[in-house]
Structure formats: C-alpha cells, structure tokens
Amino acid sequence: TSLLREVLNNSYQLSSVPLQILFYVNGIYYIFYFLATLAMIVYKSQVFSYPDDFLAPDLALLFIMAILEGLRLYLGSKGNLTEEEAPLGLSLVITVGSVILSVYFLVWQTYVLKADVIINAILLFTYGLESVLKVIAISAFVS
Amino acid sequence: PETRAAARAQVRSGPAPITDVTKLCVCDLLVAQCDVNCCCDPDCSAAEFSLFTTCSVPTVTGDSRLCSQKAATYSLDVEANPPERVFKVIDQINPSVFCIHATNYKQALSFSSPEMPTSENFDQLLKRFGSATFSAEPDSWNKNTDAQSPSDANETYRYEYGVPIETVDAFVRLPSPVVSSWCSDANPAGFLVNQATKCTRSVSVEKCGNIQAVSMLFYINSSILAVNITVQSIVVQSLNGMRTLLDGSDVLRLPMILDELCINIVLGVSYHITYTDAGEIIEAGASFVLGAINREAHSIQQSFEISFTQVNTKPVPLSGNPGYVVGLPLRAGFRPQGYPFPVDILFAALVLNTNKYGQLTVLQSTSNQDCLAAQGARTPVLFGYNMISGCKLRITATMKCQPLTQTLLDLLKGQSFPEYVASFGNSQAQDVLDWVPITHLRTSEQVKSSCQIPVSLEIEVKWTKYGSLVNPQARIVNVTARITTTTLKQLPSGRGRTIPITNSVVFTDISSPAEPGYKAWPTINAKLPFDFFFPFV
C-alpha cells in the first residue's frame, strides 16, 4: 500500500515532467537545427562569396554548439530524473553558452538568411523556456 | 588574424546596399548627352523625356537576394500632356525564405575591382596569380575597398585613348557635321584621337555679334580643368581668300560689323594639345583662321582640327608600324655632314621634317607641261603607288650645256633629294641600320664627248615582305635612282627642239616566293621477325 500511495501521490516526485518533455523536443529540434544550419552554410558557400577566413569560424562554432548541446541535454535530463540539482545547475550554465552561440548565429554570422533568423529565434525561445523550468526544478529540489 | 578581428569589429552591415540606386543608370552611355529612351539619364531634360516612347530600364535595384532593399523605378506617364517621367523609390521585398537578412562581410554585396598592375605591385600579383591555380578570395580583400573610385577625374586619373577631354563645365567639343553638313556642337574630342572635321554654319551679317559659334571666345572659353587654352596664332583671311598671319596673337578678336561686313568670324580652329606620358594634359593651344562675310553670305564653312603631341617630342608622322602601309609617303632623310660613322649620332633635326614635301618626291605634271614653268611642283612618293610624270622641255640653240644639265638635275631631283630611305614605316632616326642608302646610277646613250643632259630619273624601290606569314610587313630593301642621259645635239640657230623629261617611281616586290614543302616519302618498315630462320640461325 505504501508503494501504491507513492505511485498515486506524486508529491514525492520532484522531477519536472514539462522540463523532460521540453528536453526531448529540444533534442529532436536541435538535430533538425544542426542539419539545417550545416546545409545552409554549404549553400551559402556555393552561392555567395564565402572566403575561408569566414567559413572556418562559422563551421567550428556550429560543431562546438552541437557538442555543448548534447552535453547540456544529457546533464539536464540526468539531473531532472535523479532529482539532483548539481547536474541541472551545470546544465543551466551551459545553457548560457548555448544562448551566446545561438545569438552569434542570429546576428554575427557572415551571412544571416531569413531562415537563419527563424530557426535561431525558435531555439532561443526554447532555451528561455527551458531555463525558467530548470530554475523552478532546482528550487523544488533544493527545498 | 588581425584582419579577421577587424572584420568582426565592423558594425553589422544590414541590407543597406553599397551603391545608391538613385544614382545608378546603366543606359546612360553617351557622355554629357541624352540617351534615347533612357529614363534614368541625368543629362536629359523634361522636354526630352516627353519625347520618349518607353523606358528601357524600368527599375534599378541592388542585389535582388536581399530581403528588403531600395529600388528606383522609372516610368513614363503617357496620360499627362506632355508625357512626363515618373521617378519613385520603393522598398522591394524578397519573399524567399533564403533571402539575405544581414551580412557581416562587407564585400559580399558588391564586386570589388581588381588591383591594376603597376610597376610596384607587379611582382606580388605575379606571385599570387601566376601559377596554375589561385584562391579566389585573397586576404587583401579585407581592407577598405572604396579607397579608389574610378570616376575621380582629377590628377590621379590618367587619360586613356578615346576618353572625352573634360573641361570645367563639360567636355571639349569639336563641331562636326552629323546627318547633314550643318555643324553640331555635340561631338566630344577624344584623347589622342586626331580629328579633322568640316561643317557648315549659318550666319548673317545682322546677327554678327550674336552667333556664339563664330566668335573666338566660344572656343577658348572653356579651360581644360587646370590648363587654359591659349591662342597660338591668328590668320586673317580676306574675302578673296588671301591669308595673312597676324603678329600679336594674344588679342581676342570678336566679331564686329565694319563697312557692311562682319569681320573676325571664326573660319577654322586648330587645337594642339600637349600631353605627358603619364596621361596628363599640360598644355592646350588653339590656332584660329578668322574671316569676313558680306551681306549676301548665308552660311560659311568652318573647319576644325585637333592634334595631340607628347611633351618634349617632335611629332613625326609614321608611314606604317612597322611595315609600310600602302598610300603613305616614304620616309627619307639625310646624314649630317662630317659624321662618317653614324653609330650613335642622331640624324639631324632637319632630317626628319614633318613637312611631307621634304621627303622623297617626284616631279608633278602640270597642265601646261612646260618644265621650266613648273618649277617646284612636286608630289611625295607614296608607298606602293607606281608613278610616272614628266614635262616637255623646249631647247633652243642659245642654251649652254652645263647650266642646262644643272637645271634639269634640279628639276628631276628637286631641292633636297634625300640620301637615305627608311626601311620600315616607323624607323627611328637613331637606328642607322634601319635606313637604306639611295644608290645612284647613270646610264648614258652614247659615250661621252658631246654634251649629256639628263632626261629621265627612274626610282626603283625594291621591297620585301618581312615578318610573320599571317601578317607580313612591307620592308624596303633597296632604292635605286637611275638617271638616263642623252646627247644634246647642237641646233642651228633659231630652231628649237622639244624633248620629254620623265620622272618615275616603280615599286617591285622582291619577296622570295613560298617554297613548297613536301612530306618525306613514307618508308616501308618491313623487318623479318627475329626467329624467322629458326632452325638454321
């Protein structure tokens, strides 16, 4: 009966379900974002004049962003599921880095197409929502 | 790395285009003139716009891949009377999702002009572009590209062949006939383009002082940027055609009415522009021919000329470059006295005179065919044109042998018969080996004793084709002047005799004919196999 009570009364469960859903959606969206940005960089290098000096930083930052994103989502998901605030806090810190990189692709890229603006805006919105939910989850874990 | 940092430090250049579309016009081809159906031409006035039928360039936009940009649209409003041009600047939106929203790379939206090779950067350019492959975007593109704009027409820009010469307000114009023979003042003079035009201008004595185009002021008013047009000489032509050179040429003579004549009308202008080899104009002069018209004259013919001379050189007209061109005069000259070895001695300046009558000339036949009356009429020898001319000499008994011989020699050879003829049309005076000496031959009919007078001078010019097969150049190899003499028989007194004197020029082509070349006969390469005689060898 105590097991049944635990299952039925999820006041013991502090993990945030919306955050987990958001992580899952974020993961799928980021795969799409990564492939789309890579394809658009290839398109820009063919259609426009894209010297190597400018192409190399853009590609490097995109791959760094992919690595950071994977790390961030793993840590966040782990922290949320194990209800520990340390990985979740680390994930929040990495989110700041990801936001900066996303702003780079929105504003400081060599060629910013309208599609770039759209997908980066969606990504930033997702980050913002995630950050809010993470803060709520951390405060729930700590207290 | 520092260039990359500089590029990053630039403010993000959004969709603002590099060029201003309101000032761009691709159909404006004629300089300072209105192009037909070109609605964006700044040289057209409203009256000219009303004559257009369509606009050949309806919109001028920047890069169409930008998401939002300014576009200048030109259209004709045919409803209005008179039709007028409508010019609007609108914002054009690109609906595609892949339009450029912003770029951080300044050279993305415009073509950068490549570097012009000069003697300083030639080695560096050769190192970069001289191999089989090179990078399309070198690092030097990150520097400021709008340092040099080609429309800067001041001293940093050199004049090139054919470019109109700029003056303070417009361009130097040489009036010329356009469709009919009437003068049109819209013909700009091109740099290094020597032109000579003649056209008709309508004048009348009543409007003497009002017609601008017959006054000297009109032609020297505009100054070529920093250089004023100076008056070099003024020749006054009277009503019967006699010309006199005036002494003081710094006085401006304007048309005025004198004794029912309008004098000081400009009949001809000859511009002389001096330029340096850097492409700058340093001096401009004009020589005028002024005339007069009376009440009956309704139109005059004006002639205009413009010629360009490089500074510190004397202009010598070439007869071909390098081979002689058919129809151009033969270039000839002398060697200064006292210089037996013309190794590095320049031929004297008197040698190559620009006057073409100082070259190799032949006697010119006149209508009355009298040798002694036609003293001095000569015509230059033109390359490729065989000529024969002559006259008749009346010999009387009182003529002495020696003076007659001398007179005839002077007649046949002219005042200054040259010693050398240039082998190429562009031979320079310093290159002595490029000049062919004239060989003199004398043939006489009989053996001495009596008086021999020259009756014929035949110049034979042997030339050959020189150079490549597809573009052979004519080169003079040999020039022979053969004088034929005849005996002067003593005449009984009172009787006279007429003998013909001839002068001829013949051009002979002594190019060696092409030899046929045959391919070698094919050989039969039959060899027995190595082991043909097997059992025995």
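B:Y74 is buried, because its relative accessible area is 5%, under the 20% cut-off. This comes from a predicted model. The ring of B:Y74 pairs with that of B:F87. B:F87 is partly exposed, at 35% relative accessibility. So a buried ring meets a partly exposed one.

How are the rings of B:Y74 and B:F87 arranged? They are stacked, with centres 5.1 Å apart and planes at 20 degrees. The label follows because planes under 30 degrees apart count as stacked. B:Y74 sits in strand β2 of chain B and B:F87 in strand β3 of chain B. The two residues are 13 apart in sequence. Theirs is one of 19 aromatic pairs over all chains. Ring pairs also build a cluster from A:Y43, A:F48, A:Y50, A:Y111 and B:F98. That cluster holds residues of chain A and of chain B.

Next come the disulfides. A disulfide is a covalent bond between the sulfur atoms of two cysteines. The structure has eight of them over all chains. Three in chain B serve as examples here.

Take B:C67 and B:C99. Their sulfur atoms are 1.9 Å apart. The S-S torsion is about 85 degrees, so this disulfide is right-handed. The bond links distant parts of the chain, 32 residues apart. B:C67 lies in the loop between β1 (59-61) and β2 (68-77) of chain B. B:C99 lies in the loop between β3 (84-93) and β4 (100-103) of chain B. Both cysteines are buried.

B:C27 and B:C38 form another disulfide, with 1.9 Å between the sulfur atoms. Its torsion is about 80 degrees, so it is right-handed. Both cysteines lie in the loop between α1 (2-9) and α2 (46-49) of chain B, so the bond ties together parts 11 residues apart in sequence. B:C27 and B:C38 are both buried.

The disulfide of B:C401 and B:C451 has an S to S distance of 1.7 Å. The torsion about this S-S bond is about 85 degrees, so the disulfide is right-handed. B:C401 belongs to helix α5 (residues 401-413) of chain B. B:C451 is in the loop between β19 (435-444) and β20 (452-467) of chain B. The two are 50 residues apart. Are B:C401 and B:C451 buried or partly exposed? B:C401 is partly exposed, because its relative accessible area is 27%. B:C451 counts as buried, because its relative accessibility is 14%. The cut-off for buried is under 20%.

Helix α5, β19 and β20 of chain B return in the largest nonpolar core. This core has 41 residues. Those with the most contacts inside it are B:L330, B:V421, B:I453, B:I476 and B:I501. Which elements give two or more residues to it? They are β15 (361-363), β17 (387-396), α5, β18 (420-422), β19, β20, β21 (472-487) and β22 (496-509) of chain B. The largest share, six residues, comes from β20(B).

B:V421 gives a view of the packing. Leaving aside residues up to four places away in sequence, B:V421 touches B:Y324, B:L330, B:R331, B:A332, B:L360, B:D434, B:W435, B:V436, B:I438, B:I476 and B:V479. Another core lies apart from the largest one. It has 30 residues, among them B:F191, B:M216, B:V227 and B:F308.

Now turn to chain A. It has five helices and one strand. From the N terminus, the order is α-α-α-α-β-α. The UniProt record, an unreviewed entry, places "transmembrane region" at residues 21-43, 55-75, 87-111 and 117-142 of chain A. What does the model show over residues 55-75 of chain A? This span is 100% helix and 0% strand, and its end C-alpha atoms are 31 Å apart. Residues 117-142 of chain A are also 100% helix and 0% strand. There the end C-alpha atoms lie 37 Å apart.

Chain A has 143 residues, and 43% of them count as buried. Consider its contacts between residues at least 6 apart in sequence. Of these, 77% join residues at least 24 apart. The accessible surface of chain A is about 7,300 Å². Carbon and sulfur atoms account for 75% of that surface.

Conventions
Residues are numbered from 1 along each chain as its sequence is written. Chains are lettered from A and ligands numbered from 1 in the order in which they are written. This is a predicted model: local features need pLDDT of at least 70, side-chain atom pairs count only at pLDDT 80 or more; totals for chains, interfaces and linings use all residues. Side-chain values use heavy atoms; hydrogens and water are left out. UniProt positions are given in the numbering used here, feature names are shortened, and annotations may be inferred rather than shown by experiment. Helices (H or I, at least four residues) and strands (E, at least two) are DSSP runs, numbered from the N terminus. A disulfide is a pair of cysteine sulfur atoms within 2.5 Å. Buried means under 20% relative accessible area, exposed over 50%, partly exposed in between (1.4 Å probe, protein chains only). A nonpolar core is a set of buried Ala, Val, Leu, Ile, Met, Phe, Trp, Tyr and Cys residues joined through side-chain atoms within 4.5 Å. Contact means heavy atoms within 4.5 Å. Accessible areas come from the Shrake-Rupley method with a 1.4 Å probe; for residues, only the protein chains shown count as cover. Rings of Phe, Tyr and Trp (its six-membered ring) pair if their centres lie within 6.5 Å; planes under 30 degrees apart count as stacked, over 60 as edge-to-face and the rest as tilted.
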